[in-house]
Amino acid sequence: MPVVLGLNCYKHDSSAALLADGRVAAAAEEERFARVKHYSGYPRMAIEFSLRQAGLSASDIDHVAYYMLPGLVFRENLAYSRHYLLRPGGLRFLAGQLAGAAKMRRIPQTVRQHLRGLREDIGFHFVEHHRAHVWAAMICSGWDSAAALTMDGVGERDTSLLGEVGQEGLKVFSRSRFPNSPGIFYSAVTAYLGFRPDNDEYKVMGLSSYGSPRYLDLFRRMLHHDGKGRARVDTSLADIHMGVWGASMGPEVLREAGPPRRKGEEIEQRHMDIACSAQRALEETGLGLARWLRERSESDRLLVSGGVGLNCVMNGLLERESGFGQVYPLPPSHDAGTSLGAAVAVQRRLKGQASLRTPPNMFLGSGYSGDAIREALETAKIPFSQPEGLPRIVAEMVAEGLIVAVYAGRMEFGPRALGARSILADPRRGDMKDIVNRCVKHREEFRPFAPVVLRERAGEFFAGCTDSPYMIKTYPVVESKRDVIPSVTHVDGTARVQTIRREDNPFYYDVVAEFGRVTGVPVLMNTSFNVRGEPIVESPLDAIRCFFGTGIDALAMPPYLVVKPKG
């Protein structure tokens, strides 16, 4: 069985994934090691981690799979250069795009320079971007066939793909082509609202719940489904030809919705209404594409991937209203997931679908032994204990109003903290959302927090929720429970839910279960173990630094516990 290394780099969210014996031995984002959010460079440390995790060396690698077709990237940028070449900064933009394509083309030489022990006969493969999105979702879902919907900024030239996957491969029904990009549309709105594009789109999603869709007609014209399985963008309203960082709103938008918000300016009701209208237009477009696909697919199951697949509000709508019986949004839907998808595409081509094994969960990143954790604590010269019944102690601390960080097991693959690198707090306290935003995360007050709930109790608190392990879909909070868990109930009465099973993360499950025994509420507030602007912690030292740099009260690193002195 071949060993396949999958890579994504030179755009954003660089990552590496390793398949060995048909299973996912490791997958991780380079940002966690480099400590630079959305790191785009070559994933050197993620590759080295993946090999260590699998117990392999460079000489064991049979194939390297890359998530893009560089030649097509080069040709498409030349073809579209007429849209921006004569604009201010246009020549610099084109030069940057072509230089990026050239780096992609040189990936075989770059890998050989890095991994000196590679065999001479190793195979290098370039995989189409949206196919990589599809195959990553396919292996993680565990399904043998499904309909597939991808949406993102842009791959080589496509911005969406609608098709069907199964034993025979991927059958494509429709594609959207640049500049008709749902992802860059949403990034343009992000910039218009004074946030950082390609980074802060989730802020627009969170802010949208505070607004009304009074600009919906405008944004429906800007982005819509054409009824033929394609997304359409009116570039006279949103000029997105120069990509995420060069996108801008047209004169009609500025006349009707007002000037762009500058970074740091007060958020007004107008901004909330813009966010609401843009979010609604995205939801309608995604739903239109999914319904069109449902009419053509024989499958009752839908895979969702691509960067837009991280929009959990849209995903919840797709689950409820698309017509598919089951909807699986890929947890690492953003480009980080394409390293895995590229590896899967190559493995499948070589050995067939039956050779692939579904990972049991998304805890595919790095983990550290108890000895390594103890060494880090001793190096930091901080007092720690090794108490019996640590899950119960953590649950009791949270019930008393303390904020506790958890660092346990292997790191999550994807942007969501799922209990391995998480900060936990009491969802019953109405003020806890503001406390964590202000004292720990240092972020905007309108940003919501997610709940984690025992899977067997999920339906008691979240309407229609039976299994949502990856915090990537929203559900209505049961009305009678909204006052019970106010700090994880968003202003619109919904929550981005994570369900937990003991077999996926025993320590995390036991903490939630113990909190349920202590309080009668088997739900905790869960947010990622980081502060604004930084990646989620990777190493024990990262965890210790973050702990002491924030208002977190205690740090659980099984089997150890660190508690800040009071006063």
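**Note on salt bridges, helix packing and a surface patch**

1. Asp504, at 16% relative accessibility, counts as buried, because the cut-off for that class is under 20% relative accessible area. The model in which this value was computed is a predicted one. The side chain of Asp504 meets that of Arg501 in a salt bridge, with an N to O distance of 3.0 Å, and Arg501 is partly exposed, having a relative accessible area of 26%; the pair therefore joins a buried acid to a partly exposed base.

2. Salt bridges that share partners also occur elsewhere, where Glu128, Arg131, Asp158, Arg175 and Arg177 are joined into one network. By the rule applied here, the count of salt bridges comes to 34.

3. Arg220 deserves separate attention, since its side chain takes part in a salt bridge with Asp217 at 3.7 Å, N to O, and in another with Glu284 at 2.8 Å, N to O. The second pair links Glu284 in helix α12 with Arg220 in helix α9, and so ties together parts that are 64 residues apart in sequence. Asp217 and Arg220, by contrast, are 3 residues apart in helix α9 (residues 216–222), which means that about one helical turn separates them.

4. As for the surroundings of these three side chains, Arg220 counts as partly exposed at 36% relative accessibility, and Glu284 is likewise partly exposed at 31%, whereas Asp217 is exposed, with a relative accessible area of 58%.

5. Helix α12 (residues 269–296) also packs against helix α7 (residues 182–192), their axes coming within 11 Å and crossing at roughly 175°. That angle makes α7 roughly antiparallel to α12. On the α7 side, the residues in contact are Pro182, Phe185, Tyr186, Val189 and Tyr192, and they meet Arg270, Ile274, Ala278, Gln279, Ala281 and Leu282 of α12.

6. In helix α20 (residues 540–548), the buried residues are Pro540, Asp542, Ala543, Ile544, Cys546 and Phe547. Their cover includes the helices α1 (30–34) and α15 (370–379), together with the strands β15 (404–407), β22 (554–557) and β23 (560–563).

7. On the surface, Leu85, Leu86 and Leu91 form a nonpolar patch whose accessible area together is about 360 Å². Leu86 is placed in the loop between α3 (70–80) and α4 (90–105), and with a relative accessible area of 87% it is exposed, because the cut-off for that class is over 50%.

Definitions and conventions
Residues numbered from 1 in each chain as written. Predicted model: local features only at pLDDT ≥ 70, side-chain atom pairs only at ≥ 80, totals over all residues. Heavy atoms only, no water. Patch = residues over 30% accessible without salt bridge, like charges linked within 9 Å, V, L, I, M, F, W, Y side chains within 5 Å. Areas by Shrake-Rupley, 256 points an atom, 1.4 Å probe, with all protein chains shown as cover. Salt bridge = Lys/Arg side-chain N within 4 Å of Asp/Glu carboxyl O. Helix = DSSP H or I, 4+ residues; strand = E, 2+ residues; numbered from the N terminus. Buried < 20%, exposed > 50% of the residue type's maximum accessible area, 1.4 Å probe, protein only. Axes fitted to C-alpha atoms, helices over the stretch in contact; angles between N-to-C directions. Parallel < 35°, antiparallel > 145°, perpendicular 65-115°, else oblique. Contact = heavy atoms within 4.5 Å.
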